[in-house]
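Please find below a colleague's note on the structure shown here. The points are numbered for ease of reply.

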Amino acid sequence: MPVRVLLVDDEPLVRAGLRAVLEAQPDMELVGEAADGAAVIPLVRQTRPDVVAMDVRMPLLDGIEATHALLRTVADPPKILVVTTFENDEYVYEALRAGADGFLLKRARPAEIVHAVRLIAEGESLLFPASVRQLAAEYGDGGGNRAARAALERARLTEREGEVLRLMARGLSNAEIAARLVVGTETVKSHVSAVLAKLGARDRTQAVITAYESGFVAPG
């Protein structure tokens with residue numbers, strides 16, 4: 001089945017560029033477009049995308065608030081890929097905190113755009129782990145976020161689950177984690193699922209941000 005993508009950006013040229021890239025891929029289907037975050041929820045309910053590629057800064061409802069609203073009101077929500085002009089942007093980090101699954105620069109090359117959408121859709125590794133680490137180092141709470149620390153304490157991760165979370169934070173895929181720990185990929189999938197469930201995290205990105213903000217993993 002093709003990856004179904006919804007584009008949300010207030011710049012027509014940006015949407016046109018992303019549209020051209022996505023429509024050229026045999027395994028992707030563009031299911032809709034919007035010019036503001038306020039249109040996201042009805043369009044998601046109508047088109048049922050797998051991935052929403054959404055601008056972080058929009059005039060009526062920005063990507064942060066749209067992400068909050070989408071995850072709060074839509075059952076089984078799609079993956080959210082934030083599209084941004086600036087990589088080292090507090091807005092991007094706040095969008096990730098809100099529940100976005102990753103981010104993509106508007107100046108990215110077509111191959112990078114395609115890779116990002118596929119990776120977000122698959123959900124088995126972290127998109128741009130070094131950039132997420134840098135954002136956490138600059139805009140996170142330096143390991144002092146009370147909510148994150150409480151979530152980690154409640155999780156009571158096993159030693160192996162802790163190892164898996166640290167490797168997730170480094171951006172390793174399930175296959176790479178399996179090779180590093182000398183276990184099967186199905187075993188790793190079970191550990192990842194357990195980590196997410198225990199932390200109450202929607203996906204790997206949210207789990208990794210909790211790891212950084214609790215001080216369990218140092219972002220530096």
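The points below treat the sheet, then the enclosed and open spaces, and lastly the aromatic rings.

1. Status of the model. The coordinates come from a predicted model. The remarks that follow should be read with that in mind.

2. The sheet. Five strands form an open sheet in the order 2-1-3-4-5, and their pairing is parallel. Its edges are strand 2 (28-34) and strand 5 (102-105), each of which pairs on one side only. On average, and with direction ignored, neighbouring strands of this sheet are turned by 25 degrees against each other.

3. One pairing within the sheet. Strand 1, residues 3-8, is joined to strand 3, residues 51-55, in the parallel sense by four bridges. For Leu-7, the bridge partner in strand 3 is Ala-53.

4. The cavity. How many cavities of 30 Å³ or more does the structure hold? There is one, and the largest cavity contains about 90 Å³ of space. Its lining is made up of Lys-79, Asp-101, Leu-119, Ile-120, Gly-123, Ser-125, Leu-126, Leu-127, Asp-203, Arg-204 and Thr-205. By class, this lining comprises four nonpolar, three polar and four charged residues. The charged residues are Lys-79, Asp-101, Asp-203 and Arg-204.

5. Elements around the cavity. Helix 5 (110-122) and helix 11 (204-214) each contribute at least two residues to the lining of the largest cavity. Leu-119 and Ile-120 are among the lining residues, as are Arg-204 and Thr-205.

6. The pocket. The largest pocket encloses about 260 Å³ of space. Its lining consists of 14 residues, and those nearest its centre are Arg-97, Gln-206, Ile-209, Thr-210 and Glu-213. Sorted by class, the pocket lining has six nonpolar, five polar and three charged residues.

7. Elements around the pocket. Which helix gives the most to the lining of the largest pocket? Helix 11 does, with four residues. Helix 7 (146-155) is also represented, since both this helix and helix 11 supply at least two lining residues each. Helix 11 thus deserves attention in both places: at least two of its residues line the largest cavity, and four line the largest pocket.

8. Aromatic rings. The structure contains one aromatic pair. In addition, the ring of Tyr-91 has the charged end of Arg-57 sitting over it, at 3.8 Å from the ring centre.

Notes. Residues numbered from 1 in each chain as written. Predicted model: local features only at pLDDT ≥ 70, side-chain atom pairs only at ≥ 80, totals over all residues. Heavy atoms only, no water. 1 Å grid on protein atoms, 1.4 Å probe; cavity = no way out; pocket = protein on both sides within 12 Å on 5 of 7 lines; lining within 4 Å. Points joined across faces, edges and corners; volume = space filled by probe spheres on them. Pairing = 2+ DSSP bridges. Axes fitted to C-alpha atoms, helices over the stretch in contact; angles between N-to-C directions. Phe/Tyr/Trp six-rings, centres within 6.5 Å; stacked < 30°, edge-to-face > 60°. Lys NZ or Arg CZ within 6 Å of the ring centre and 35° of its normal.
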